[in-house]
Amino acid sequence: MPSSGSESKGPSRARLLSEGTPEWIEQWSPEVFRKVGYGMAAGVVATGALGGPLTGLVAAVPVAGYWWLGLRDLKQESSTLKRNFPVLANIRFLLESIRPEIRQYFIESDSESVPFSRAHRSVVYARAKGSSDTLPFGTRRDLYKEGYEWICHSMYPAKPSNVELRATVGGPLVTQKYSAALLNVSAMSYGALSDNAILALSSAAKAGSFYHNTGEGGISRFHLEGGGSLVWNVGTGYFGCRGEDGKFDPEKFRENSTRPNVKMIEIKLSQGAKPGHGGILPGAKVTPLIAEARGVKVGQDCNSPPLHSAFGGPRGLVDFVDQMRELSGGKPVGVKM
Ligand SMILES: Cc1cc2nc3c(=O)[nH]c(=O)nc-3n(C[C@H](O)[C@H](O)[C@H](O)COP(=O)(O)O)c2cc1C
């Protein structure tokens, strides 16, 4: 709590600080910094007189550092905290800079952080390294906590169903219907994900008979090498089906969409993460392999505009869906909002 002394001086510095700050911090000011500095300098002189010049010199080093740092804080104009709390504010910034590590190593509980808790991450690390992920002797979770979810054995288990859990996609106009698994890999572009990540996801999709959505960054060689079923995500940049001018190119679309791996097409309507703004992949990130997948030039900024140029409203969108279905040889075409 602020001391009565600081309160009596009207709007006090202490009020700027959060409640519960130790009183000595609230009392700190440029004047106190100087007074402490003079006291320390006097101490150095006394140490030199009593202990000899070498002892005095050793004592002078931290005091010189104190003055150097404090005067620098007072002179600078970018940090109000440093000007009001010379030297001391640096300790605050230092502690703040190691806050994530302190939280991670000492404070964060095993089940607390989002999106993935330490416990979840540990399981992933253990499995990735091929080491055991099994913990003996029960669980560390609070099973009695409100909201804890679990699966119970049924007293009267149902017979396992022979029905395959898949959904057939495609209406009457679709000639190449696709039987999709219920759990699949959602759209993440090559470029947002690395070569190995795409290859791993595509290989997993093949092994598990589910589909892998390409993301709007086009169909890369890693999508094809993995051999999994693909949903080709087509965004406003028309990567993999664009002409020199960045507009939709029906012939290129036909070429890619008729690949046997491509099972369905998905039109991505706008930039979910940047609504109304579009996105840009800076030229420095447009490597030869990314350029190959997207059909753009190496090293040049790659723009995903905020809106589609191939259509301009609901009617146009429906016509575009029709056009894509026909060009792809009758594959299902969907829309991602
Ligand atoms: C790294 C990354 C890249 C993504 N790229 C695309 C993309 O190219 N096209 C798209 O439609 N969605 C993209 N998304 C959005 C995801 O497909 C998905 O819709 C979104 O992450 C929400 O699902 P989630 O809650 O399971 O993450 C991307 C998401 C991530 C994390």
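Me: Where do the domain bounds come from in this predicted model?

Reply: Domain bounds come from an automatic or database domain assignment. Here that gives domain 1 (4–97) and domain 2 (166–336) in the protein chain. Taken over C-alpha atoms, the centres of domain 1 and domain 2 are 60 Å apart.

Me: OK, on to N233. Why is N233 called buried or exposed?

Reply: Buried means under 20% relative accessible area. N233 has a relative accessible area of 1%, so N233 is buried. The residue lies in strand β4. Leaving aside neighbours within four places in sequence, N233 is in contact with A187, N213, T214, G215, E216, E266, K268 and K336.

Me: What makes the pair N233 and E216 a polar contact?

Reply: A polar contact needs N or O atoms within 3.5 Å. A polar atom of the N233 side chain lies 3.0 Å from the backbone nitrogen of E216, so the pair falls inside that cut-off.

Me: Now helix α12. Which residues of α12 are buried, and how do you know which side they are on?

Reply: In α12 (residues 250–257), the buried ones are F253, N256 and S257. Their arc around the axis is only 90 degrees, which puts them on the same side of α12. Among the elements covering them are β4 (229–234), β5 (262–268) and α14 (314–327).

Me: What caps the N-terminal end of α12?

Reply: That's D249, with a side-chain oxygen 3.0 Å from the backbone nitrogen of E251. The cut-off for a polar contact is 3.5 Å, and this pair comes within it.

Me: Why are α12 and α14 called oblique?

Reply: They pack at an angle of about 55 degrees, with axes 9 Å apart. Roughly parallel needs an angle under 35 degrees, and roughly perpendicular runs from 65 to 115. The angle sits in neither range, and α12 and α14 are therefore oblique to each other. On the α12 side the contact is made by P250, F253, R254 and S257, and on the α14 side by Q323, M324 and L327.

Me: And what makes α7 and α8 oblique?

Reply: The reasoning runs the same way: angles of 35 to 65 degrees are outside both the roughly parallel and the roughly perpendicular ranges. For α7 and helix α8 (residues 99–107) the angle is about 50 degrees, with the axes 4 Å apart. So α7 and α8 are oblique to each other. L95, E96 and S97 of α7 meet R99, P100 and E101 of α8.

Me: Which residues of α7 are buried, and what do they pack against?

Reply: In α7 (residues 88–97), L88, A89 and N90 are buried. They pack against α3 (23–27), α5 (53–75) and α6 (80–84).

Me: How do you know whether V318 is buried or exposed?

Reply: Exposed takes over 50% and buried under 20%. V318 has 42% relative accessibility, so V318 counts as partly exposed. V318 lies in helix α14. From V318 to V335 is 17 residues in sequence and 9.7 Å in space, C-alpha to C-alpha.

Me: What about phi at S209 and Y238?

Reply: Neither residue is a glycine, but S209 has a positive phi near 55 degrees and Y238 one of about 50 degrees. S209 is in the loop between α10 (195–208) and β3 (211–213), while Y238 is in the loop between β4 and α12.

Me: Why are S209 and Y238 put in the classes they have?

Reply: At 41%, S209 falls between the 20% and 50% limits, so S209 counts as partly exposed. Y238 has a relative accessible area of 0%, under the 20% limit, so Y238 is buried.

Definitions and conventions. Residues are numbered from 1 along each chain as its sequence is written. This is a predicted model: local features need pLDDT of at least 70, side-chain atom pairs count only at pLDDT 80 or more; totals for chains, interfaces and linings use all residues. Side-chain values use heavy atoms; hydrogens and water are left out. Buried means under 20% relative accessible area, exposed over 50%, partly exposed in between (1.4 Å probe, protein chains only). Helices (H or I, at least four residues) and strands (E, at least two) are DSSP runs, numbered from the N terminus. The arc is that of the directions from the helix axis to the C-beta atoms. Contact means heavy atoms within 4.5 Å. A polar contact is a pair of N or O atoms within 3.5 Å; within protein, one must be able to donate a hydrogen and the other to accept it, and residues adjacent in sequence count only if both atoms are side-chain atoms. Axes are lines fitted to C-alpha atoms, for helices over the stretch in contact, and angles run from 0 to 180 degrees between N-to-C directions. Angles under 35 degrees count as roughly parallel, over 145 as roughly antiparallel, 65 to 115 as roughly perpendicular and the rest as oblique.
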